[in-house]
Amino acid sequence: MTETLLGMPSLRTRREPTRPGLRYHVRTYGCQMNEHDSERIAGLLEADGMVPADDPSDADVVVVNTCTIRENADQRLYGFLGSLRRLKQERPGMRILVGGCTAQKDRELVRERAGWVDVVFGTHNLHRVVDLLDHAEEWGPVTEIWEEPRSEVEPVSGLPAHRESAHSAWVTITVGCNNSCTFCIVPVVRGPERSRRPGDVLREVRELVAEGVVEVTLLGQNVNSYGRDLEVNGRRPLFAELLRRVGEVEGLRRVRFTSPHPKDIREDVGEAMAETEAVCEQLHLPLQSGSDRILAAMHRGYTAERFLGKLEMMRRLVPDLSVSTDVIVGFPGETEEDFARTLEVVAEARFDTAFMFQFSPRPGTRAAEMEDRVPAEVVQERFERLVELQRAITFERNRERVGRILEVMVEGPSKRDPAVVTARTRGNQIVHLRGVWAPGTVFDARIVRAAPHHLEGVPA
Ligand code: SF4
């Protein structure tokens, strides 16, 4: 996820959830298949940070998963949509999405009879529910129906709404995942991994650069397995090759990618990173747990020792590499001993930063069925210990950068102080600098101070 703990549910993935705390409600009409689809929709919305609401009147986002089998399902649908219209008049920020069989079959009718609906999506578009929601919020009502079976659909890059800045863009290289991590909904909702052809990726990157983009982040659930389903000039294209080719696009200053899977990352990726100037010295390598027993239960395909070996390999190949990770606390069956191992591995790895999560079951995943849940108060207490450890390591790593000259790229004015800009190092550390520079400007800065979660600098 980008692998995230929650399983890269959206093309915006590896990124943190974008709607933390917003509430959603899914209303399902029809058969068990629809019930199952609604579980997937719920999993995707939760992966974006949302929490369930029992009643639509409490929800910021309402998804109606429709059915065409019985006529009265139709009547109930339009009756329900009528009541949502009244709620939306009171709260115009509310979003209404209609998916499922009726949406697939009668999309014009839904639009005609319920013009207040924000998103109409078909049965093959369910996995894009978060993207479509983003799109509707940025651009207004959207209808998206693909007629083809999902496996035949060419993976697409982010919609225009995904571009959060003029100088930086995400580029999808694969969708879906062939792994089977037990906490993750991705293999279910996105199906098997499919790679975009290298020529298509490069064309998109060149177009972005022509539009003024100077930084791209290549996205895939497991970028190392890029190309396994492709044949170009008689052989499989490799991720390391793609990285080099993208890095050579003229005008591009920075290339990032997320995420590699620890079990699959190999030397060729480290070599490509070290030898391609535009590729940043930054790696997101999701650990998830330091306990071999829990890693096996998660179906991650590596041990803690193997993970640390891969980390050491990448640090050896890529000088000054910054590393971030994901860790799940309180996976079913996690004992105090398992957790102690996680603390040990985190301490040994000295990640620059970590995305830490408390386990929460995702409907439709195997972990959701597992017994032996860790009590919430135990998870909370362990989580706090981990956060404290990582906070100290991050601060320490930041302090090691004081006095150094690092290349920074300006993101924009600081939210707290307009006289200050926020920039990022190649390692992805946040740097605050006093002054005014346009977003996308790149220059060298001397780091003068370290804080727990950012650095302060002056132009060098
Ligand atoms: S199944 Fe595993 S590797 Fe695949 S997206 Fe989910 S967490 Fe990542």
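**Exercise 1.** Check whether the span of helix α12 (residues 336-349) in this predicted model agrees with its number of residues.

*Solution.* Start with the count: α12 has 14 residues. The expected span is 1.5 Å times one less than that number, so we should get 20 Å. Now look at the end C-alpha atoms of α12: they sit 20 Å apart, which agrees.

**Exercise 2.** Work out which residues of α12 are buried and how they are arranged around the axis.

*Solution.* Call a residue buried if 20 or more other C-beta atoms lie within 10 Å of its own. In α12 that gives D338, F339, R341, T342, V345, V346 and A349. Look down the axis of α12: these buried residues fall within an arc of 150°, so they line one face of the helix. The spacing fits a simple rule: an α-helix has 3.6 residues a turn, so residues three or four places apart point the same way.

Now flip to the face turned away from the buried side, and you'll find the exposed residues E336, E337 and E348.

**Exercise 3.** Find what the buried residues of α12 pack against, then see what follows the helix.

*Solution.* The packing partners are α10 (292-298), α11 (304-317), β13 (322-329) and α13 (376-399). Step past the end of α12 and you hit R350, with a positive phi near 50°.

**Exercise 4.** Trace the barrel and pick out how β16 and β17 are joined.

*Solution.* Follow the 5 strands in the order β15-β16-β17-β19-β18; they close into a barrel with mixed pairing. Neighbouring strands here are turned by 50° against each other on average, ignoring direction. Zoom in on β16 (residues 420-425) and β17 (residues 430-434): they run antiparallel, joined by 5 bridges. For a landmark, take V420, which stands opposite R434 in β17.

Conventions. Residues numbered from 1 in each chain as written. Predicted model: local features only at pLDDT ≥ 70, side-chain atom pairs only at ≥ 80, totals over all residues. Helix = DSSP H or I, 4+ residues; strand = E, 2+ residues; numbered from the N terminus. Buried ≥ 20, exposed ≤ 12 C-beta atoms within 10 Å, placed from the backbone. Arc of directions from axis to C-beta. Contact = placed C-beta atoms within 7 Å. Pairing = 2+ DSSP bridges. Axes fitted to C-alpha atoms, helices over the stretch in contact; angles between N-to-C directions.
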